[in-house]
Amino acid sequence: MALLEFYGTECPHCITMEPLIERVQKELGVHIERFETWHDKANDAKRAEYDNGFCGGVPFFVNTETEQKLCGAVPYETLKRWAEGHKSE
């Protein structure tokens, strides 16, 4: 399973998510692979492939095992459930 986050360095919503990402990684012992998209065209192209019209921006999260996606800043519990592989309701 791969947990991916696409973000922009200066994105305020992405900055808001940083402590939540760190917390979920520590609590669950998982790794979320991060891809900066605002200054890296290859990473933005990768984001667009995974996004496929779902979000259109950052932060954007993908769980490659469950194919669950999250768009934007979300509450901690939502991020945690996504990382654990739970389907969103």
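These are my notes on the strands, the disulfide and one helix pair of a predicted model.

**Strand β3**

I began with strand β3, residues 60-63. I looked up which way its side chains point: F60 and V62 face one way, F61 and N63 the other. In a regular strand the side chains alternate between the two faces of the sheet. I then checked burial and found F60, F61, V62 and N63 all buried.

**Neighbours of β3**

Next I asked which strands pair with β3. Strand β1, residues 3-7, pairs with β3 in the antiparallel sense, over four bridges. For a reference point I took L4, whose bridge partner in β3 is V62.

Strand β4, residues 68-71, also pairs with β3 in the antiparallel sense, and here too I noted four bridges. F61 has L70 in β4 as its bridge partner.

I followed the chain from β3 into β4 and found a hairpin with four residues between the two strands. I checked the turn for unusual backbone angles and wrote down E67, which has a positive phi of about 65 degrees.

**Cysteines**

I searched for sulfur pairs and counted one disulfide. The disulfide joins C55 to C71, with an S to S distance of 2.0 Å. I read 70 degrees about the S-S bond, and the link of C55 and C71 is right-handed. C55 sits in the loop between α2 (41-51) and β3, while C71 belongs to strand β4, so the disulfide ties together parts that are 16 residues apart in sequence.

I also looked up accessibility for some cysteines. C71 has a relative accessible area of 36%, so I entered C71 as partly exposed. C11 is at 2% relative accessibility and therefore counts as buried. C14 is buried as well, with a relative accessible area of 1%.

**Helices α1 and α3**

Last, I turned to helix α1 (residues 12-28) and helix α3 (residues 76-84). Two packed helices are described by the angle between their axes and the distance between the axes. For α1 and α3 the axes come within 10 Å and cross at roughly 45 degrees. I therefore recorded α1 and α3 as oblique to each other. The crossing of α1 past α3 is right-handed.

Which residues of α1 and α3 meet? On the α1 side I listed M17, L20, I21, R23, V24, E27 and L28. On the α3 side the list is Y76, L79, K80, A83 and E84.

Technical notes
Residues are numbered from 1 along each chain as its sequence is written. This is a predicted model: local features need pLDDT of at least 70, side-chain atom pairs count only at pLDDT 80 or more; totals for chains, interfaces and linings use all residues. Side-chain values use heavy atoms; hydrogens and water are left out. Buried means under 20% relative accessible area, exposed over 50%, partly exposed in between (1.4 Å probe, protein chains only). Two strands pair if DSSP finds at least two bridges between them. A disulfide is a pair of cysteine sulfur atoms within 2.5 Å. Axes are lines fitted to C-alpha atoms, for helices over the stretch in contact, and angles run from 0 to 180 degrees between N-to-C directions. Angles under 35 degrees count as roughly parallel, over 145 as roughly antiparallel, 65 to 115 as roughly perpendicular and the rest as oblique. A crossing is left-handed if the near helix is turned anticlockwise from the far one by less than a right angle, and right-handed if clockwise. Contact means heavy atoms within 4.5 Å.
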